[in-house]
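Me: I've got a protein model open and keep tripping over the words people use for its parts. Can you go through them with me?

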Amino acid sequence: MQINIFLCKFKKNLNTHTIPNKMPNSLYLNMENIEAIKENASTPLFDRDQVKTSIAHIGVSNFHRSHQAYYMHNLIEKHHELSYGICGIDLLDSDRKTYNVLKDQDGLYTLITKDATSVHKPKIIGSIVEYFFGPENPMAVIERLANPDIKIISLTIAEDGYHLNEITGEFNQKHPAVAEEVINPFNPKTVFGYLTQAFKLRKLRGLSGCTILSCDNIKDNGDTMKLSFLNYVSKNEPDLLPWLKSNTTFPNTMVDRITPVTHHKDLDALKNDYLIEDQWPVVCESFTEWIIEDNFYKQKPNWEQVGVQFVKNIAPYQNMKLQLLNAGHSILGVLGTLHGYKTVQEAANDDDFILFLETFMDLEVTPTLVDAKNKTIEEYKTTLISRFKNPNINDSLSRICSESSAKIPIFILSTLDIQFSEETKDFNHIAFVIAAWCKYNDGIDDQGNPYNINDSISNTLIRMAALSQQNPIKFLEIKSIFKDLSNHSVFTEKYFKYLSYLRTHNIKESIINFNANLI
Ligand code: CS2
């Protein structure tokens, strides 16, 4: 089978077109201009032609580019580990922009790190040395994933990308993309279809397996990936199952670095201040963490050199991060949007919101956590609040609130599950947040401005929130989110009280009175 070479390695870019209003002396970001760009940015101090690819990453999001690709860049540059180049892969039509930009820029992009008081010198990241786009050439993607040079297939496919039915724990075979690829398996639509075809080839050709490394914000992300994938294979390609079980591993990971959506003004600042024309730079905070369970297929990579931590058990680290940071984000997202705030930092600089969040973390989350070594929970919480307050990050609440139906169960309802199992009843804040989320789905803030509900089940959310105006239990009856929560009388009593208060008071007043124990 032939791989389309053009899609594989980046070619030297001979892009000489001009665009209107081009700043004098500004340069397009590509290999052709990299020497000149050196003046204004840190550029890769390694020969990208010498870099070998052993990682295929599916989902070349902003987060992948601020996190894993950044670690691999440092590994190659500082430690001369030339075998850790990344082959970026996207599978969705909606990712075409990434494909076009990375192709234009020879896989290069700028990382702009912003602390509370300073913006670092731009860093051009060079670790993505190949890129494949599934909709353009699905067989090329399958072949690349089947190549034994690829030792690690990592993923950021988002919280809703795992297609597991929350209630049954079964893979959702009825998902339209799955139904489509089952009929036409050589033109897969989901990551599961692609991986199945790639591993069938590895098995057929007597090749080795590899590590599948989920880097999404979900609890036990490796275990979840394993469950989804093996369940998919048992339904669609059962003969492959025994081989997969003995030739793949799925380490759990904890990934952390706040990475907002890139704004036009980031492109403009890069062009005006540094004379670099990057069509899609990535902005992030300087804090970064990557903790991985030591469960690799054959060889564990030597990533400690760039700060990756390997641990036996991810649970304390992932729970601390998901239940504090991600939950904190969702809370500021929902409450802040209702008030009319637009960014995390605006909400985090409102003392009433922060008091609410800190009390939630102290009373309702902390007792459910086990201390993670090297970092106490108290230290983590303090750092977190200053990360949220970072005035330079400009992280939009609309990013935080997108796909809340997949996020809130992982980030917030998981704390409730632990509370229920331990028979504690400290969930006033959670009940308040869920009631506020119901109101959030009305789609109008306290200043009278409408906003969009960006969620794959937005129709259900909006309908059930509307029905809850008459019958408040309705919102809790979305089983895919809340399971049996509507039957929990202690919880529903609190939720009803808060929802009725929130429907008649604005969010700011509600938070103030909640904080003062007046509701
Ligand atoms: C955010 C995360 O998506 C979200 O709601 O909470 O993207 C968060 O910024 C990252 O997990 C930080 O590591």
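Me: Let's start with Asn33. Where does Asn33 lie, and why does Asn33 count as buried?

Reply: Asn33 lies in the loop between β1 (27-28) and α1 (34-37). Keep in mind that this is a predicted model. The cut-off for buried is under 20% relative accessible area. Asn33 comes in at 16% relative accessibility, so Asn33 counts as buried.

Me: What is Asn33 in contact with, leaving aside its neighbours within four places in sequence?

Reply: Asn33 is in contact with Leu27 and Tyr28. Contact here means heavy atoms within 4.5 Å.

Me: Okay, now Thr376. What makes Thr376 partly exposed?

Reply: Buried is under 20% and exposed is over 50%, with partly exposed in between. Thr376 has a relative accessible area of 36%, so it falls in between and is partly exposed. You'll find Thr376 in the loop between α13 (351-365) and α14 (377-389). If you'd like a distance to try out, the C-alpha atoms of Thr376 and Pro122 are separated by 32 Å. Those two residues are 254 residues apart along the chain.

Me: And Lys298: buried or exposed, and how do you know?

Reply: Lys298 has a relative accessible area of 68%, which is over 50%, so Lys298 is exposed. Its place is in the loop between β13 (289-293) and β14 (309-311).

Me: What is there to notice about the phi of Lys298?

Reply: Most residues other than glycine have a negative phi. Lys298 has a positive phi of about 60° although it is not a glycine. Asn394 is another one to look at, with a positive phi of about 55° although it is not a glycine. Asn394 lies in the loop between α14 and α15 (397-401).

Me: On to helix α10. How do you know that the buried residues of α10 are on the same side?

Reply: In α10 (residues 264-274), the buried residues are Asp266, Leu270 and Lys271. They cover an arc of only 130° around the axis, which puts them on the same side of α10. There's a handy rule behind this sort of pattern: an α-helix has 3.6 residues a turn, so residues three or four places apart point the same way.

Me: Which residues are exposed on the other side of α10, and what do the buried residues pack against?

Reply: On the other side, His264, Lys265 and Asp273 are exposed. The buried residues of α10 pack against β4 (109-113), β11 (276-277) and β12 (282-284). Right after α10 comes Leu275, whose phi is positive, near 60°.

Me: Next, the empty spaces. How many cavities of 30 Å³ or more does a search of the whole structure find?

Reply: The search finds 3 of them. The largest cavity has a volume of about 60 Å³, and the second largest has about 50 Å³.

Me: What makes a space a cavity and not a pocket?

Reply: In a cavity, a 1.4 Å probe fits but cannot get out, whereas a pocket is open.

Me: What lines the largest cavity?

Reply: The lining includes Ile258, His329 and Arg387, and Asn394 turns up there as well. α12 (344-348) and α14 each supply at least two residues. By type, the lining divides into 4 nonpolar, 4 polar and 2 charged.

Me: Where does the second largest cavity lie, and how do you know?

Reply: Domain 1 (27-311) and domain 2 (315-515) both give residues to its lining, so the second largest cavity lies between them. Among the lining residues are Asp216, Thr253 and Lys321. β10 (253-256) and α11 (315-339) each supply at least two residues of that lining.

Me: How far apart are the C-alpha centres of the two domains?

Reply: They lie 29 Å apart. The contact takes 32 residues from domain 1 and 32 residues from domain 2.

Me: Last one: what volume does the second largest pocket have, and what lines it?

Reply: The volume is about 1000 Å³. Of the 34 residues that line this pocket, the closest to its centre are Leu164, Glu166, Ser405, Pro409 and Ser480. The largest share of the lining, 9 residues, comes from α16. Domain 1 and domain 2 each give at least three residues to the lining.

Conventions. Residues are numbered from 1 along each chain as its sequence is written. This is a predicted model: local features need pLDDT of at least 70, side-chain atom pairs count only at pLDDT 80 or more; totals for chains, interfaces and linings use all residues. Side-chain values use heavy atoms; hydrogens and water are left out. On a 1 Å grid over the protein atoms alone, a cavity is a set of points where a 1.4 Å probe fits but cannot get out, and a pocket is an open set with protein on both sides within 12 Å along at least five of seven lines; lining residues have an atom within 4 Å of a point. Grid points are joined across faces, edges and corners, and a volume is the space filled by probe spheres set on the points. Helices (H or I, at least four residues) and strands (E, at least two) are DSSP runs, numbered from the N terminus. Domain bounds come from an automatic or database domain assignment. Buried means under 20% relative accessible area, exposed over 50%, partly exposed in between (1.4 Å probe, protein chains only). The arc is that of the directions from the helix axis to the C-beta atoms. Ala, Val, Leu, Ile, Met, Phe, Trp, Tyr, Cys and Pro count as nonpolar, Asp, Glu, Lys and Arg as charged, and the others, Gly among them, as polar.
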